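Colleague: Please give me a close look at a single part of this model, and set it in the context of the chain around it. State your cut-offs as you go.

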Amino acid sequence: GILEELDLSFFQTFLFNESNRDKASKLEDMYRDQYGLPYEESIYSQHAVAQTYDLINILAKAVIQAESVERSEIREALENLSSHEGAVKRYEPAFTKDNHDGLGLKDFRMARFNKHGQIIPIR
């Protein structure tokens, strides 16, 4: 197929089959069950599924900590949360006053598509 012929590589942050995190395994099971997706089929946009899951859980913690839904109070709570065990990684912390990026350079790696359209890391 055309994917085999392309020399296309890109940044990737997360793949379920490379994670040894319990939350990642549970999230994958829930996702596959919800959408009736067998394990021999790849989840498209795995990084987006896992990062969104982590973000929503971190945001929920911030809302609870802020005891408010006001934007400024939630932002302050996000900047002052303790660590969070996520599907992608342990965020220690996810955000600070000076850093609003939950992921850093060490969280990225290069990847490509295999002939089946699955994302695989470039070793």
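Modeller: Helices and strands here are DSSP runs numbered from the N terminus, with H or I over at least four residues for a helix and E over at least two for a strand. The model is predicted, so local features need pLDDT of at least 70 and side-chain atom pairs count only at pLDDT 80 or more, while totals for chains, interfaces and linings use all residues. Residues are numbered from 1 along each chain as its sequence is written, and side-chain values use heavy atoms, with hydrogens and water left out.

First, the frame. The protein chain has four helices and five strands, in the order α-β-α-α-α-β-β-β-β along the sequence. Its C-alpha trace spans about 50 × 30 × 25 Å along the principal axes. Of its 123 residues, 33% count as buried, where buried means under 20% relative accessible area, exposed over 50% and partly exposed in between, for a 1.4 Å probe and protein chains only. Contact means heavy atoms within 4.5 Å. Among contacts with a separation of 6 or more, 52% are between residues 24 or more positions apart.

The part I chose is the cavity and its lining. A cavity is a set of points, on a 1 Å grid over the protein atoms alone, where a 1.4 Å probe fits but cannot get out; lining residues have an atom within 4 Å of a point. Grid points are joined across faces, edges and corners, and the volume is the space filled by probe spheres set on the points. The count comes to one cavity of 30 Å³ or more, and the volume of the largest is about 30 Å³. Its lining is made up of S42, I43, Y44, S45, Q46, G117, Q118 and I119. By class, that gives three nonpolar, five polar and no charged residues. Nonpolar here covers Ala, Val, Leu, Ile, Met, Phe, Trp, Tyr, Cys and Pro, charged covers Asp, Glu, Lys and Arg, and the others, Gly among them, are polar.

Two of the lining residues repay a closer look. S45 is in the loop between α2 (22-35) and α3 (46-66). Its phi is near 55°, a positive value in a residue other than glycine. Most residues other than glycine have a negative phi. With 38% relative accessibility, S45 counts as partly exposed. A second positive phi, about 50°, belongs to E67, which is not a glycine either. E67 lies in the loop between α3 and α4 (71-78) and, at a relative accessible area of 75%, is exposed.

The other is Q118, in the loop between β4 (109-113) and β5 (119-121). Q118 is partly exposed because its relative accessible area is 25%. Its C-alpha atom is 8.7 Å from that of E41, although the two residues are 77 apart along the chain. Beyond its neighbours within four places in sequence, Q118 is in contact with E40, S42, R112 and F113. S42 is thus one of its contacts and also part of the lining.

F113 leads to the aromatic pairs. Rings of Phe, Tyr and Trp (its six-membered ring) pair if their centres lie within 6.5 Å; planes under 30 degrees apart count as stacked, over 60 as edge-to-face and the rest as tilted. The model has four aromatic pairs. F10 and F113 form a tilted one because their planes stand at 45°, with the ring centres 5.1 Å apart. This pair links distant parts of the chain, 103 residues apart: F10 is in strand β1 (residues 10-12) and F113 in strand β4. F113 is partly exposed, at 28% relative accessibility. F11 and F108 form an edge-to-face pair, with 6.0 Å between centres and 80° between planes. F11 is in strand β1 and F108 in the loop between β3 (90-91) and β4, 97 residues away. F11 is exposed at 62% relative accessible area, whereas F108, at 37%, is partly exposed.

The loop between β3 and β4 also holds P93. The peptide bond from E92 to P93 is cis, with omega near -20°; most peptide bonds are trans. F95 is in that loop too and is buried, since its relative accessibility is 13%. Setting aside residues up to four places away, F95 touches L55, I58, L78, E79, H100, D101 and G102.

Conventions:
1 Å grid on protein atoms, 1.4 Å probe; cavity = no way out; pocket = protein on both sides within 12 Å on 5 of 7 lines; lining within 4 Å.
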